[in-house]
Every structure is written in structure tokens, then in C-alpha cells.
Amino acid sequence: MVGSPLLERIRRREAKVGVVGLGYVGLPLGMAFAEAGFPVVGLDVDKRKLDKIEKGESYIKHIPSAPLAELTKAGKLKATGDFSRSKELDCVIICVPTPLTASREPDMSYIIQTGESLAPHVRRGQLFILESTTYPGTTEEVLKPILEKNGLKAGVDFHLAFSPEREDPGNKSFNTKTIPKIVGGYSPECSEVAAALYGSALKEVVPVSSTRVAELAKLLENIYRCVNIAMVNEMKMLCDRMNVDVWEVIQAASTKPFGFQPFYPGPGLGGHCIPIDPFYLTWKAREYEFHTKFIELAGEVNWQMPYYVVQRTMEALNKAKKTLNGAKVLCLGAAYKKDIDDMRESPSLRIMTLLAEKGAELSYHDPYVPELHKGHGFNMEMKSVPLEPEKLGEYDAVLILTDHTNIDYAAVVANATCVIDTRNATKGVPQGREKVTKA
């Protein structure tokens, strides 16, 4: 049995752990294993990240530099771009992006490239775990054949498992160590070894029967949120037509102590998971001649929200006898949610793009995102401008896209001539309500 020696090394904290992809998932995961006493090596192609880690400097807002510096200084956490070093590792955890193509189909290129970089160095007794969110079957259908190219077989010569990431950047109640970890192996022995590894560093492990169950569990979690957010976004659009405050409706419904969980509308979905994951499953479902109508409808509703926000902005300007073409618009917030610097799939970028296409003169302010660069469908280079109350009146419209807590929204409403609020950030502001349009 190939598992016994590795299990013993894991139990003694002697197993060398590698984490491929040092982003919002990989960096805190690598730190968690290093803090648990494992020697950890991070692998990434981004030299900027490697240089930062070597200096003990965090490049992610909610991860402080002090604990990272302590781990790197002690030699417990190292980082390299040399994938040949993976042959030194006992356990390799893959945390690379899985975006969508322009036609909303799964982009497996990062997983494939990672697998091909690791394949020449696969040796007996190693454990490989995929954490990247993807469609059910990816671990066995995509990653497994690549890792087996040198003749070694998963479940016989090396271990293979899937364990979905469940990161929620900026969440003060849960972190990498405290969020229960689902683990599904290619074989029962693969599951046992993978569960033992995570159980040595994290609070709770939830074993499931296969990689496909683990892959689909992650999709279900995020599709559940996607569908409910779509429903409440649609409710918001109806409430606007009916001149009813959807936020008050949600607050009232939330008083029911059973059978109701509140979800909140917004300008669109952001983050890596919820805007993308439903389309993984709808794509895979076609292989089984199954049309996921409900899931696809939810995805479409959420994808259309930036257009709705632009329409509401045009209506607000129209009341002031102004046009969007040529209007000076200040967007508050570029990150996809409050109090973080995460830009992945941020609806703010799509909204700003649509506004620019219609001729608006754009500025933005985000205390956590000092600069915006071209890429991922965004075609502008911008720098965050200071938020100076006395200058807010110079803009034709101020658009609240991310409700960062350190912004004085009362001052925004008091000094701006027109405010479009997509997050209910101006709730409780007593003065100037006539200036505010909910979107």
C-alpha cells in the first residue's frame, strides 16, 4: 500500500507540502500548513508574488504581513517558480484559476498547464489534490490523465483527490483553518491520505465518497446563492417599478424565524465563484442531454444587472435634464464586495465599461484598489481619486457600487447633486433623500 509511509509522514508533520497558485486561496492555505508545522513550498509563475513572499510581504489585504514574514524568516514557507522542485514534495495542492471563456464555457487551461508542468516530476507515493472550482469529472477526466503520462497510475502509484476551496475574503467569522473542508478521493485510500493531510492543519474535514461528489458539492453551494441572488435582483427591479423599497421588504421578511433566509440585491455578481460556477454545471449537463433551465435563468438575470444599473443612472440624470453622454460620473467602489481589495469578476468594472461606452467621463474612488489596469474585458487604465466632499458637487452623478464601511455616505449625499445607490449604503441618511436613486 503506497499510503502507509505518507500517512506516517503526515502524522509526524514531516511531509513536504506544495501549494500551486499563491492567490486568495493558495497563500492562506500554504500559511495554514506552515503554521501547523509542515515544511511548505509555494509554486507560482507570478514573479511579483514570489518576490513579495521572499520579503515576507503580503499582497492580499486581509492577510497581514507579520505572520507571513514570521513563516518565511523561519524557513517554514518558501516560494519558487521552478516546478521541477515538485518532485521533492510529498503533497501537492493545486489552487489555480478556472475562469470562463468568452462564450461562457469552462477554461481548463490553467489546470492543464499546471498538470503538464508537474507531470514529468510525478513519483510514487505522492499526493495530488485539486482545489480549483470546476465541473464534476475534472479531476479524473482532465488532471488524472496528465499526471499519469509518465506511466504511474492514480490510486496505485500516487494519490489523487479533490477538495473544493471555500474562501470568503474579508470574512471575519471564518478563515481557512475554521471552514469545514470537503475531501473526495479517487479511491478510498486516496481519500484517507488527503483527509489526514487536511485534518493535520484544519479544524474539520468532511470526507465524501468520490471526487465528483466533492466537485459538485462546491457547485451546489454557489449555485444556491446565485439562484437566490437572482431572485432578489429580479424582485428589486419589480419593486423599483412599483415604487416599493426592496430593502425594507427584505428586512420585514427577515423577521420570520423559520423558512426564510435573506439575500440582498446588488449591481451584479462578483468574486471568482458565484458569477462563474453555475456555467460550469450547465456546460457539463449538456453532455448528459440535460438543460439546466433554472440555473441558466438565474445566471442570465445576474449577468444583466450591470445594464440595469446603467439604465437607472441614465434615468437619474434625465431627471436633472442631463445626458449620460458627456456626464462626469464618480464610481465609489471597484472591489467586488466591501472592505476587500479583490477585483475578481467585479461588476464595477463591467458597469464602468458600459458607462464609458455611452460617453460618460469616468472617475473612481476605492480605498483598497489604488489602480485599475486593462484586462479581463476592462480596457481602461485608471487611478483612484481622493474622495473630497467639497468636490463631489463637480460630478453630475455619484454611483455607489461597493459599500466600503470607511466611506461617509452622509457626506456623499449632502455634497453630491445626484447619487445612484446600488447597495443601500445610504440607508439611514436623513437628509438629501431626494438626490438618491436606488439601483
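## Strands E1 and E4

In this predicted model, strand E1 covers residues 17–20 and strand E4 covers residues 91–94. The two strands run parallel. Four bridges join them. One pair can be named: Val17 has Cys91 of E4 as its bridge partner.

Strands of a sheet pair through backbone hydrogen bonds, and the pairing is either parallel or antiparallel.

## The whole sheet

E1 and E4 belong to an open sheet of eight strands. The order across the sheet is E3-E2-E1-E4-E5-E6-E7-E8. The pairing is mixed.

Which strands form the edges? They are E3 (77–80) and E8 (205–208). Each of these pairs on one side only. From one strand to the next, the twist averages 25 degrees.

## Helix H8 on the sheet

Helix H8 spans residues 211–242. This helix lies across three strands: E6 (159–162), E7 (181–185) and the edge strand E8. Relative to E7, H8 runs at about 145 degrees.

## The two sides of helix H11

Helix H11 spans residues 293–303. Its buried residues are Ile295, Ala298, Gly299, Val301 and Asn302. Why do they sit on the same side of H11? They cover an arc of only 160 degrees around the axis, so they share one side of the helix.

What does this buried side pack against? The partners are H8, helix H10 (277–285) and helix H12 (305–319). H8 therefore appears twice in this account: it lies across E6, E7 and E8, and the buried residues of H11 pack against it. The face of H11 turned away from the buried side carries Lys293 and Leu297, which are exposed.

## Two loop residues with positive phi

Most residues other than glycine have a negative phi. Two residues here have a positive one.

Asn243 has a phi near 60 degrees. Asn243 is found in the loop between H8 and helix H9 (246–253). Is Asn243 buried or exposed? Its relative accessibility is 73%, so Asn243 counts as exposed, given that exposed means over 50%.

Glu289 has a phi near 55 degrees. Its place is in the loop between H10 and H11. Glu289 also counts as exposed, because its relative accessibility is 77%.

Key:
Residues are numbered from 1 along each chain as its sequence is written. This is a predicted model: local features need pLDDT of at least 70, side-chain atom pairs count only at pLDDT 80 or more; totals for chains, interfaces and linings use all residues. Side-chain values use heavy atoms; hydrogens and water are left out. Two strands pair if DSSP finds at least two bridges between them. Axes are lines fitted to C-alpha atoms, for helices over the stretch in contact, and angles run from 0 to 180 degrees between N-to-C directions. Contact means heavy atoms within 4.5 Å. Buried means under 20% relative accessible area, exposed over 50%, partly exposed in between (1.4 Å probe, protein chains only). The arc is that of the directions from the helix axis to the C-beta atoms.
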